[in-house]
Amino acid sequence: YNYIESTEENPQGHWTYEEIIFDNKPTFEDLKEMITSYYNKKCDQEIIQGFYFEGNQVWLTTENQFNYKATWDLAFQTNGANLPSTFKFGTNEKPIYRVFETVSDLQDFYVQSITYIENVLKKYWLIKNGIEWNKYEIE
């Protein structure tokens, strides 16, 4: 499943696949779960690792998302009384410490991160909604 068309970056189209060994004949639901799980994992990975702010990678793990939201909520509710606030971006090997001094500065980051997450989710909803499930039905 998941045929990838030819592009300038990838002149040869190709298939990607995930192999699962079943100990019985898989049902349609088994196959659907396997394929859906594959795309859910790809979506999660893209959300966690794919966002960049000011050229720096931002790890959007569930914990980090919670912390960013909590910081944003408090800044918004208190007109920035909790600021400045520092977030660690980049990697453990090359950390970038970004200090947010104002509510509007923090808002810019928070809105961009939420928009990124929403766009990735929409991308994978479209992919999963476009799967032609009838091709996987087993007689």
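**Exercise 1. Strand pairing**

Which residue in β6 is the bridge partner of serine 85?

*Solution.* The structure is a predicted model. In this model, serine 85 has phenylalanine 100 as its bridge partner in β6. Strand β6 covers residues 95–100 and is joined to β5 by six bridges, the two strands running antiparallel. Four residues lie between β5 and β6, and the two strands form a hairpin.

**Exercise 2. A salt-bridge network**

Determine which residues are joined with Arg98 into one network of salt bridges.

*Solution.* Step 1: the structure holds five salt bridges. One of them pairs the side chains of glutamate 54 and arginine 98, at 2.8 Å from N to O. Glutamate 54 is in the loop between β3 and β4 (56–58), whereas arginine 98 belongs to strand β6, so this pair ties together parts that are 44 residues apart in sequence.

Step 2: arginine 98 also meets the side chain of aspartate 105 in a salt bridge, at 2.9 Å from N to O. Through shared partners, Glu54, Arg98 and Asp105 are therefore joined into one network.

Step 3: the relative accessibility of arginine 98 is 14%. Because buried means under 20%, arginine 98 counts as buried.

**Exercise 3. A salt bridge inside one helix**

Locate the salt bridge of aspartate 73 and classify the exposure of both partners.

*Solution.* Step 1: the partner of aspartate 73 is lysine 69, with the closest N and O atoms 2.7 Å apart. Both residues lie in helix α2, four residues apart, about one turn of the helix.

Step 2: the relative accessibility is 25% for aspartate 73 and 38% for lysine 69. Partly exposed covers the range between 20% and 50%, so aspartate 73 counts as partly exposed, and lysine 69 likewise counts as partly exposed.

Step 3: for a relation across the chain, consider glutamine 107, which is 34 residues from aspartate 73 in sequence; their C-alpha atoms are separated by 9.8 Å.

**Exercise 4. The nonpolar core**

Identify the element that gives the largest share of the largest nonpolar core, then examine Val58 and serine 113.

*Solution.* Step 1: this core has 28 residues, and Val58, Leu60 and Phe109 are among those with the most contacts inside it. Elements giving two or more residues to the core include α1 (28–49) and α2 (62–77). The largest share, eight residues, comes from α3.

Step 2: beyond four places in sequence, valine 58 is in contact with Ile48, Phe51, Phe53, Tyr68, Phe89 and Phe109.

Step 3: serine 113 lies in helix α3 and is buried, with a relative accessible area of 2%. Beyond four places in sequence, serine 113 touches Phe51 and Leu60. The side chain of serine 113 reaches the backbone oxygen of tyrosine 110 at 2.8 Å.

How values were computed:
Residues are numbered from 1 along each chain as its sequence is written. This is a predicted model: local features need pLDDT of at least 70, side-chain atom pairs count only at pLDDT 80 or more; totals for chains, interfaces and linings use all residues. Side-chain values use heavy atoms; hydrogens and water are left out. A nonpolar core is a set of buried Ala, Val, Leu, Ile, Met, Phe, Trp, Tyr and Cys residues joined through side-chain atoms within 4.5 Å. Buried means under 20% relative accessible area, exposed over 50%, partly exposed in between (1.4 Å probe, protein chains only). Contact means heavy atoms within 4.5 Å. A polar contact is a pair of N or O atoms within 3.5 Å; within protein, one must be able to donate a hydrogen and the other to accept it, and residues adjacent in sequence count only if both atoms are side-chain atoms. Two strands pair if DSSP finds at least two bridges between them. A salt bridge is a side-chain nitrogen of Lys or Arg within 4 Å of a carboxyl oxygen of Asp or Glu.
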